[in-house]
Amino acid sequence: MAEFILKDMVKKEGLEDKFHIESRATHTDEIWNGKGNPVYPPAREKLAQHGISCKGKTAQLLTKSDYAHFDYIIGMDDLNKRWMPRILGGDPDGKISLLLDYTDHPRGVADPWYTGDFETTYRDVVEGCNAFLDYLKDEGKIYK
């Protein structure tokens with residue numbers, strides 16, 4: 001959900017040319033025989049309720065080489081934050097964070113896989129994406 005919510009926000013602000021946004025998995029639960037599953041149907045439905053498409057997206061695994069290709073590697077919860085440095089071979093440049101670290105109330109994003117509450121997850125992700133964009137603006141990392 002976060003990939004598509006952030007892409008939607010960036011597009012609405014006219015900043016698409018300043019971003020490359022992709023999501024990755026830290027485990028193979030949604031990847032079978034090298035092929036990723038599409039976005040989980042309830043997540044897809046929640047995004048669609050807000051006019052956001054995730055058409056064509058399939059799960060892909062985070063790889064060690066991703067560290068060199070991205071400026072920010074943002075996880076959703078503590079489990080992600082534990083696994084990301086293991087997969088990436090560490091975090092020498094301090095690229096790894098959690099999405100809600102950028103908010104006034106750092107915490108993990110509510111995981112709808114366990115709660116079934118996709119609305120709370122959606123709100124958490126919107127809060128985190130807004131805060132991340134504000135952080136980038138405040139740091140002078142993006143300009144209109």
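**Packing and local contacts in the predicted model**

Leaving aside neighbours within four places in sequence, Phe19 is in contact with Val10, Leu133, Leu136 and Ile142. The model is a predicted one. Phe19 belongs to the largest nonpolar core, which has 29 residues, and together with Ile5 and Leu133 is listed among those with the most contacts inside this core. Two or more residues come from each of helix 1 (2–12), helix 2 (41–49) and helix 6 (118–138). Helix 6 gives the most, with nine residues. A second core, separate from this one, has seven residues and includes Phe70, Ile73, Met84 and Ile96.

Ile21 is found in the loop between helix 1 and strand 1. With a relative accessibility of 14%, Ile21 counts as buried, because the limit for a buried residue is under 20%. Not counting residues up to four places away in sequence, Ile21 touches Glu3, Leu6, Lys7 and Val10. Of these contacts, Glu3 is 18 residues from Ile21 in sequence, and the C-alpha atoms of the two residues are 6.3 Å apart. Val10 is thus a contact of Ile21 and also a contact of Phe19.

Another buried residue, Thr121, lies in helix 6. The relative accessibility of Thr121 is 5%, and the residue therefore counts as buried. A polar atom of the Thr121 side chain lies 2.7 Å from the backbone oxygen of Ala110. Apart from residues up to four places away in sequence, Thr121 touches Met1, Val109, Ala110, Asp111 and Pro112.

Aromatic rings were examined next. A pair of aromatic rings is described by the distance of the centres and the angle of the planes. The structure holds six aromatic pairs. One of them is formed by Tyr72 and Tyr135, an edge-to-face pair with 6.4 Å from centre to centre and 90° between the planes. This pair links distant parts of the chain, 63 residues apart: Tyr72 is in the loop between helix 3 (66–69) and strand 3 (73–75), whereas Tyr135 is in helix 6. Both residues are partly exposed, Tyr72 with a relative accessible area of 26% and Tyr135 with one of 27%. Tyr135 also pairs with Tyr102; here the rings are tilted, at 5.1 Å centre to centre and 50° between the planes. Tyr102 lies in the loop between strand 4 (96–98) and helix 5 (112–115) and Tyr135 in helix 6, so this pair ties together parts that are 33 residues apart in sequence. Tyr72, Tyr102 and Tyr135 form one aromatic cluster with Phe132.

Two rings have a charged side chain over them. The charged end of Arg86 sits over the ring of Trp83, at 4.9 Å from the ring centre. Lys95 lies over the face of Tyr67, with a distance of 4.5 Å to the ring centre.

Helix 4 (residues 78–88) has three buried residues, namely Asn80, Met84 and Leu88. These residues cover an arc of only 40° around the axis, which puts them on the same side of helix 4. An α-helix has 3.6 residues a turn, so residues three or four places apart point the same way. The buried residues of helix 4 pack against helix 3, strand 3 and strand 4. One of them, Met84, is also included in the second core. The face turned away from the buried side carries the exposed residues Asp78 and Arg86; Arg86 is the residue whose charged end sits over Trp83. At the N-terminal end, helix 4 is capped by Asp77, a side-chain oxygen of which lies 3.2 Å from the backbone nitrogen of Leu79. Just after helix 4, Gly89 takes a positive phi of about 85°.

A positive phi is also found at Asn33, a residue other than glycine, with a value near 50°. Most residues other than glycine have a negative phi. Asn33 has its place in the loop between strand 1 (31–32) and strand 2 (35–36). The relative accessible area of Asn33 is 87%, and the residue is therefore exposed.

Key: Residues are numbered from 1 along each chain as its sequence is written. This is a predicted model: local features need pLDDT of at least 70, side-chain atom pairs count only at pLDDT 80 or more; totals for chains, interfaces and linings use all residues. Side-chain values use heavy atoms; hydrogens and water are left out. A nonpolar core is a set of buried Ala, Val, Leu, Ile, Met, Phe, Trp, Tyr and Cys residues joined through side-chain atoms within 4.5 Å. Buried means under 20% relative accessible area, exposed over 50%, partly exposed in between (1.4 Å probe, protein chains only). Helices (H or I, at least four residues) and strands (E, at least two) are DSSP runs, numbered from the N terminus. Contact means heavy atoms within 4.5 Å. Rings of Phe, Tyr and Trp (its six-membered ring) pair if their centres lie within 6.5 Å; planes under 30 degrees apart count as stacked, over 60 as edge-to-face and the rest as tilted. A charge sits over a ring if NZ of Lys or CZ of Arg is within 6 Å of the ring centre and within 35 degrees of the ring normal. The arc is that of the directions from the helix axis to the C-beta atoms. A polar contact is a pair of N or O atoms within 3.5 Å; within protein, one must be able to donate a hydrogen and the other to accept it, and residues adjacent in sequence count only if both atoms are side-chain atoms.
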